[in-house]
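Please take a moment with the sequence and the three-dimensional view before reading on. The paragraphs below then lead from the whole chain to a single helix and on to a ligand.

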Amino acid sequence: MTHRIAVIAGDGIGTEVMPEGIRALEAAAKQFNIALEFTTFEFGSCDYYLEHGSMLPEDWFEQLKGFDALFYGAVGWPDKVPDHISLWGSLLQFRRQFDQYINLRPCKLMPGIKSPLAGRQPGDIDFYVVRENTEGEYSSVGGKMFGGTDREVVIQDTVMTRTGVDRVLKYAFDLAQTRPRKKLTSATKSNGISITMPYWDERVVEMAKQYPDIAVDKFHIDILTANFVLHPDWFDVVVGSNLFGDILSDLGPACTGTIGIAPSANINPEGHFPSLFEPVHGSAPDIAGKGIANPIGQIWSGAMMLEHLGYKEAADAIVTAIEKVLSEGDSQVLTGDVGGQGTTASLGKAIADTISQ
Ligand code: NAD
Ligand code: IPM
Ligand code: MN
């Protein structure tokens with residue numbers, strides 16, 4: 001059976017890390033006898049926008065819906081197109097229209113990488129952020145009134161539906177059940193945000209009744225960010241709303257040394273639509289074009305894609321290869337964010353070669 005993968009590289013370093021993601025996937029596919037067929041799309045980039053006046057063609061949904069998965073780089077180039085236009089016109093449409101309501105973001109201190117948190121070793125930081133991915137603070141409900149006058153008002157509502165909250169909580173509790181520590185932490189802010197966040201807390205309490213074996217705790221988002229830094233070892237599965245999950249999933253990987261290695265899976269668990277796999281990081285205009293971006297976030301996202309497609313062994317082989325290359329610590333191979341002088345290609349090639357061994 002051939003798995004059809006739609007590839008959208010996007011902007012900036014998205015176009016640089018994508019070839020390394022594909023190189024690793026091809027190595028794993030060969031090793032484990034998996035048939036992958038990649039189809040590249042030019043849309044979903046700021047250059048496409050400048051040419052066509054929109055980020056995506058009108059029939060993007062039809063073009064993409066039949067694929068088994070979407071492999072995605074990073075989008076955004078604020079000097080060319082305002083971020084809210086490029087991102088709302090592409091990535092956020094995929095997440096919403098393909099109902100990818102889970103954003104799963106592992107956060108793990110890898111061997112060979114120095115955490116900026118003093119004394120932390122591999123094993124001390126190993127948790128998942130489960131981010132609600134289709135509603136919450138990222139809503140399109142709101143607007144501007146009295147524009148251009150001194151009475152100007154802008155409103156953007158947070159939307160939480162029972163279905164939306166319960167399904168992400170259920171996913172997170174189910175995930176916690178597969179983990180040895182069986183622990184779930186909920187991110188809240190019910191002391192200040194007095195309607196939606198108490199509702200979130202209420203649904204957590206309700207869902208917890210179905211999982212008596214899971215230890216549940218909650219923190220307000222402000223102290224939770226502090227605890228990510230002070231006590232990252234406390235966490236196992238952390239579930240949060242769209243915005244809180246977004247913030248936690250940059251902070252968590254930063255605690256593991258670099259956001260350049262962090263992967264993510266935007267999942268439609270029912271399989272009604274394709275899921276989307278992408279690094280957590282963005283297009284990094286500050287380093288784009290230099291060939292120095294860390295490709296591990298993209299490569300690890302490819303591993304998550306293989307696991308989603310049913311190839312756990314191949315996915316594990318990619319992660320093991322990443323760990324091996326990082327722990328070898330060859331500064332000619334590793335990129336600058338993890339202490340080396342290598343390039344996107346040198347690190348990507350070393351990982352692909354290790355997969356093939
Ligand atoms: P960013 O993640 O692009 O960069 C933040 C910092 O991390 C930069 O200093 C960058 O050089 C560094 N960095 C990121 N990825 C790296 C890698 N692989 N290797 C080494 N260093 C890396 O975040 P930003 O600067 O806030 O955003 C830049 C653009 O990307 C904006 O247009 C933003 O909207 C967009 N963005 C897109 C996505 C996405 O497509 N999923 C995610 C985040 C940001
Ligand atoms: C991410 C990004 C996106 C988000 C942006 C680019 C819209 O930060 O995937 O984490 O906020 O979800
Ligand atoms: Mn983010």
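What follows is a walk through a predicted model.

We can begin with the broad view, in which a UniProt record, an unreviewed entry, places the feature "domain: Isopropylmalate dehydrogenase-like" at residues 4-351. Over residues 4-351 the chain is 39% helix and 20% strand, and the end C-alpha atoms of this stretch are 23 Å apart.

Let us now turn to helix 11, which runs over residues 312-328 and has 17 residues. Because each residue should add 1.5 Å, helix 11 is expected to span 24 Å, and this agrees with its end C-alpha atoms, which are 24 Å apart. The buried residues of helix 11 are Ala314, Ala315, Ala317, Ile318, Ala321, Ile322, Val325 and Leu326. When helix 11 is seen down its axis, these buried residues fall within an arc of 165 degrees, so they line one face of the helix. What do the buried residues of helix 11 pack against? Their partners are helix 1 (14-32), helix 10 (296-308) and helix 12 (344-356). On the other side of helix 11, by contrast, Lys312, Glu313 and Ser327 are exposed. After helix 11 comes glycine 329, whose phi is positive, near 65 degrees.

The last stop is the ligand. Ligand 1 is surrounded by 22 residues, of which the closest are Gly76, Gly260, His281, Gly282 and Asn294. Sorted by class, the shell around ligand 1 has 11 nonpolar, 7 polar and 4 charged residues.

Conventions. Residues numbered from 1 in each chain as written. Chains lettered and ligands numbered in written order. Predicted model: local features only at pLDDT ≥ 70, side-chain atom pairs only at ≥ 80, totals over all residues. Helix = DSSP H or I, 4+ residues; strand = E, 2+ residues; numbered from the N terminus. Expected span 1.5 Å × (residues − 1). Buried ≥ 20, exposed ≤ 12 C-beta atoms within 10 Å, placed from the backbone. Arc of directions from axis to C-beta. Contact = placed C-beta atoms within 7 Å. UniProt positions renumbered as here; feature names shortened; annotations may be inferred. Near = placed C-beta within 6 Å. Nonpolar A, V, L, I, M, F, W, Y, C, P; charged D, E, K, R; others polar.
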